[in-house]
Each structure stands twice: as C-alpha cells, then as structure tokens.
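Visitor: Got a minute to go through this one with me? I'd like to start with the strands and then wander from there.

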Amino acid sequence: MKLYRVKKSNIDRKGRGLYATQDIKEGTRIIDYVGKIITKKQTEDSEKFDNSKPIYLFNLNNRYDLDGDVSWNTARLINHSCLNNCDYEGQGLKLWVTTIKDIKKGEELTCDYGFGFDKDFRQFPCKCESKNCCGYIVRAESRWRINKRFSLGFKKNNRLNR
Ligand SMILES: [Zn+2]
C-alpha cells in the first residue's frame with residue numbers, strides 16, 4: 001500500500017496535496033521527486049523559471065537542475081509548510097521526499113520549499129496556518145527577515161486602522 005494519497009489540500013485550497021494513508025515513522029522515504037534533468041544553461045535560457053515556477057526547480061549540482069513541473073511527478077503536489085513534516089533529500093541526480101518527524105494517518109505531507117529571501121518574496125504567500133507561519137514561502141533560515149518586516153507592517157496597519 002502506498003504511504004500517501006492525493007486529495008484536495010487544506011493548505012492550497014485551489015490545489016491538491018499528499019496525505020498520509022497510515023501512521024508513518026520519522027525517516028521514512030515516501031516518494032521520489034522526478035522530472036526532467038536540464039542543464040544550468042537551459043534553466044537560464046528558459047523563461048519558465050523567471051520566477052513564475054521556481055517551486056518545481058531543484059539544483060542537483062553545479063551542472064544540472066531538475067525540472068519537476070511534469071504531470072508524472074506526483075511529489076510536485078506536496079505543499080510548503082513553515083512547520084513541515086517532510087524534507088527533500090538527494091544523492092547524485094536522484095531526489096526523494098523523506099519524513100522528518102512521526103506522522104499520523106490523515107496528516108498532510110509538507111516540505112520546506114527552501115526559497116531564499118529576495119525582493120520577490122511577496123509573490124509566494126504561505127497559507128499553512130501553522131503557529132510559526134511567516135506568511136510567505138521562504139526557507140526556515142531566512143524567515144526572521146520576514147518576521148521583522150511583518151511585525152513592522154502589522155504595527156503600522158494597526159495605527160492606520162485606529
Ligand atoms: Zn506558512
């Protein structure tokens with residue numbers, strides 16, 4: 001039996017997600033992340049990756065990237081969460097998704113998309129609704145930058161509303 005099934009997501013309301021079909025232990029390999037292996041040059045030349053679909057692009061090594069935006073890559077449906085329970089792992093040109101904590105049956109499987117913080121971060125709002133959600137899809141190490149901005153923005157808005 002597969003460890004996951006695809007259904008409508010609670011995080012991405014317009015899309016689907018992967019859900020645990022049983023209790024799963026930490027460190028379990030769930031699914032391979034597959035796609036087209038392309039050269040860095042192809043990535044640079046392709047308009048597709050001009051910030052519209054970086055979600056599916058993985059850096060494999062200094063020569064190759066993996067374009068996971070293909071219909072046969074079920075793992076592309078995994079949503080980002082600021083409190084993710086899975087993570088991407090890789091070796092050579094292979095990528096897969098492994099649990100990083102024990103997961104209960106019925107939980108949505110989530111990863112940290114690992115986006116860096118740059119001026120375009122507002123393009124990718126996060127709706128994971130976890131306690132530590134910073135509001136945008138940005139990798140854990142960079143979230144403090146957003147939290148800082150966030151708290152400033154929040155105060156400002158509050159003042160305006162009164
Ligand atoms: Zn979040």
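Guide: Sure. Keep in mind that this is a predicted model. Let's start at β4, which runs antiparallel to strand β6 (residues 64-67) and is joined to it by 4 bridges.

Visitor: Which residue stands opposite L66 of β6 there?

Guide: That's I37.

Visitor: And what's the strand order in the sheet they belong to?

Guide: The order is β4-β6-β5, an open sheet of 3 strands with antiparallel pairing. The edges are taken by β4 (36-39) and β5 (57-59); each has a single partner strand, so one side of each has no neighbour in the sheet.

Visitor: How much twist is there from one strand to the next?

Guide: In that sheet the twist averages 30° from strand to strand.

Visitor: OK, what about the sheet with β9 in it, what order does that have?

Guide: That one goes β3-β9-β8, an open sheet of 3 strands, again paired antiparallel. Its edge strands are β3 (29-33) and β8, each pairing on one side only. The twist there averages 30° from one strand to the next.

Visitor: How many bridges join β3 to β9?

Guide: There are 4, and β9 covers residues 94-99. If you want a specific pair to click on, take D32, whose bridge partner in β9 is W96.

Visitor: Let me zoom out for a second. How many helices and strands are in the chain?

Guide: You have 2 helices and 10 strands. Reading from the N terminus, the elements go β-β-β-β-α-β-β-β-β-β-β-α.

Visitor: And what share of the residues is buried?

Guide: Buried residues account for 41% of the 162 in the protein chain. On contacts, take the ones between residues at least 6 apart in sequence: 61% of those join residues at least 24 apart.

Visitor: Switching to the metal. Which residues are the protein donors of the zinc ion?

Guide: Four cysteines, each through SG: C82, C126, C128 and C133, at 2.3 to 2.4 Å from the zinc ion.

Visitor: Why call the arrangement tetrahedral?

Guide: Because the angles between the 4 donor atoms around the zinc ion come out at 105 to 113°. For comparison, the ideal angle for four tetrahedral donors is 109.5 degrees.

Visitor: How are the donor residues spaced in sequence?

Guide: The spacing is C-x43-C-x1-C-x4-C. C82 sits in the loop between β7 (79-80) and β8 (86-91), while C133 sits in the loop between β10 (108-111) and α2 (143-161), so this pair ties together parts 51 residues apart in sequence.

Visitor: Is C82 buried or exposed?

Guide: Buried. Its relative accessible area is 4%, and the cut-off for buried is under 20%.

Visitor: I've got R143 highlighted too. Where is that one found?

Guide: R143 is in helix α2. R143 counts as buried because its relative accessibility is 7%.

Visitor: What does R143 touch?

Guide: Leaving out residues up to four places away in sequence, R143 touches H80, S81, C82, D112, N132, C134 and V138. So one of the zinc donors, C82, is among the residues R143 touches.

Visitor: And which side chain does the R143 side chain make a polar contact with?

Guide: The side chain of D112, at 3.4 Å.

Visitor: Last one: what's the C-alpha separation of R143 and C133?

Guide: It's 9.0 Å, for two residues 10 apart along the chain.

Note on methods: Residues are numbered from 1 along each chain as its sequence is written. This is a predicted model: local features need pLDDT of at least 70, side-chain atom pairs count only at pLDDT 80 or more; totals for chains, interfaces and linings use all residues. Side-chain values use heavy atoms; hydrogens and water are left out. Donors are N, O and S atoms within 2.8 Å of the metal (3.2 Å for Na, K and Ca); water is not among the atoms, so sites may look incomplete. Four donors count as tetrahedral if all angles lie between 85 and 135 degrees; four count as square planar and six as octahedral if opposite donors are over 155 degrees apart and all others between 65 and 115; anything else is irregular. Buried means under 20% relative accessible area, exposed over 50%, partly exposed in between (1.4 Å probe, protein chains only). Two strands pair if DSSP finds at least two bridges between them. Axes are lines fitted to C-alpha atoms, for helices over the stretch in contact, and angles run from 0 to 180 degrees between N-to-C directions. Contact means heavy atoms within 4.5 Å. A polar contact is a pair of N or O atoms within 3.5 Å; within protein, one must be able to donate a hydrogen and the other to accept it, and residues adjacent in sequence count only if both atoms are side-chain atoms.
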